[in-house]
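Biologist: I am new to this structure and would like a close look at a single part of it, with the part set in its context. Please explain each term when you first use it.

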Amino acid sequence: MTTLPLERLIDVPAVSAPGQHCLVDPYDEPYAVIGLRVVVSRDHVAAAVDMGVHKYYGDGRSADSLTVDEIRYHTAALVLSEDALGLQRAGEAMAQLAVEDFHEEVTREHIRACYRAADRAYPKL
């Protein structure tokens with residue numbers, strides 16, 4: 001994991017996810033809302049899309065059909081639920097899948113769709 005100097009962070013566009021993720025149990029009382037700013041790579045976002053598609057929608061929905069809000073929501077959820085090492089590994093695995101050519105066409109198309117979704121939700125400025 002790499003830390004970035006503050007000067008470099010200022011140039012990174014911040015995009016908020018819709019809604020709010022709640023970690024408070026139903027029997028407990030909300031105490032504070034904590035805002036985090038986490039810089040992620042395109043591979044991290046594609047990995048979050050992949051996990052969101054499989055976890056929340058099953059194998060029947062394409063990443064191309066996700067809305068920008070859904071993509072941003074799943075990316076924020078991944079950042080909240082994964083430890084830094086898990087997030088790094090997910091991004092590295094997605095990057096490796098994106099360049100390897102030995103997968104079936106359906107797998108290659110799914111990976112391309114995850115990257116297209118990442119680009120839609122977080123366009124490069």
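Modeller: In the protein chain, 74% of the contacts with a separation of 6 or more are between residues 24 or more positions apart; contact means heavy atoms within 4.5 Å. The model is predicted: local features need pLDDT of at least 70, side-chain atom pairs count only at pLDDT 80 or more, and totals for chains, interfaces and linings use all residues. Residues are numbered from 1 along each chain as its sequence is written, and side-chain values use heavy atoms, with hydrogens and water left out.

The protein chain has five helices and zero strands, in the order α-α-α-α-α along the sequence. Helices here are DSSP runs (H or I) of at least four residues, strands are runs (E) of at least two, and both are numbered from the N terminus. Of the 125 residues in the protein chain, 23% are buried. Buried means under 20% relative accessible area, exposed means over 50%, and partly exposed is in between, with a 1.4 Å probe and protein chains only. The accessible surface of the protein chain is about 8900 Å², and carbon and sulfur atoms hold 55% of that surface. Such areas come from the Shrake-Rupley method with a 1.4 Å probe, and for residues only the protein chains shown count as cover.

The part to look at is the set of salt bridges on helix H5 and its partner in a loop. A salt bridge is a side-chain nitrogen of Lys or Arg within 4 Å of a carboxyl oxygen of Asp or Glu. The whole structure contains seven of them. One network of salt bridges links Asp-64, Glu-105, Arg-108, Glu-109, Arg-112 and Arg-116.

Start with the pair Asp-64 and Arg-116, whose closest N and O atoms are 2.6 Å apart. This pair joins distant parts of the chain: Asp-64 is in the loop between helix H2 (42-57) and H3, while Arg-116 is in helix H5 (residues 105-121), 52 residues apart. Asp-64 counts as partly exposed because its relative accessibility is 34%. Arg-116 is partly exposed too, with a relative accessible area of 33%.

Next in the network is Arg-112, which forms a salt bridge with Glu-105, with 2.6 Å between the closest N and O atoms. Arg-112 also meets Glu-109 in a salt bridge, at 3.2 Å from N to O. Arg-112 and Glu-109 both belong to helix H5 and are three residues apart, about one turn of the helix. The relative accessible area is 35% for Arg-112, so this residue is partly exposed. Glu-105, at 42%, is partly exposed, and Glu-109, at 32%, is partly exposed as well.

Helix H5 also holds Arg-120, which is partly exposed with a relative accessible area of 33%. Leaving out residues up to four places away in sequence, Arg-120 touches Ala-63, Asp-64, Leu-66, Val-68 and Ile-71; Asp-64 in this list is also a member of the salt-bridge network. A polar atom of the Arg-120 side chain lies 2.7 Å from the backbone oxygen of Leu-66. That is a polar contact: a pair of N or O atoms within 3.5 Å, where within protein one must be able to donate a hydrogen and the other to accept it, and residues adjacent in sequence count only if both atoms are side-chain atoms.

Helix H3 can be reached from Arg-120 by way of Arg-72: the C-alpha atoms of Arg-120 and Arg-72 are separated by 9.9 Å, and the residues are 48 apart along the chain. The charged end of Arg-72 sits over the ring of Tyr-122, 5.7 Å from the ring centre. A charge sits over a ring if NZ of Lys or CZ of Arg is within 6 Å of the ring centre and within 35 degrees of the ring normal.

Tyr-122 also appears in the surroundings of Thr-75, which is in contact with Val-45, Ala-48 and Tyr-122, leaving aside neighbours within four places in sequence. Thr-75 is in helix H3 (residues 68-81) and counts as buried because its relative accessibility is 6%. A polar atom of the Thr-75 side chain is 2.9 Å from the backbone oxygen of Ile-71, and Ile-71 is one of the residues that Arg-120 touches.
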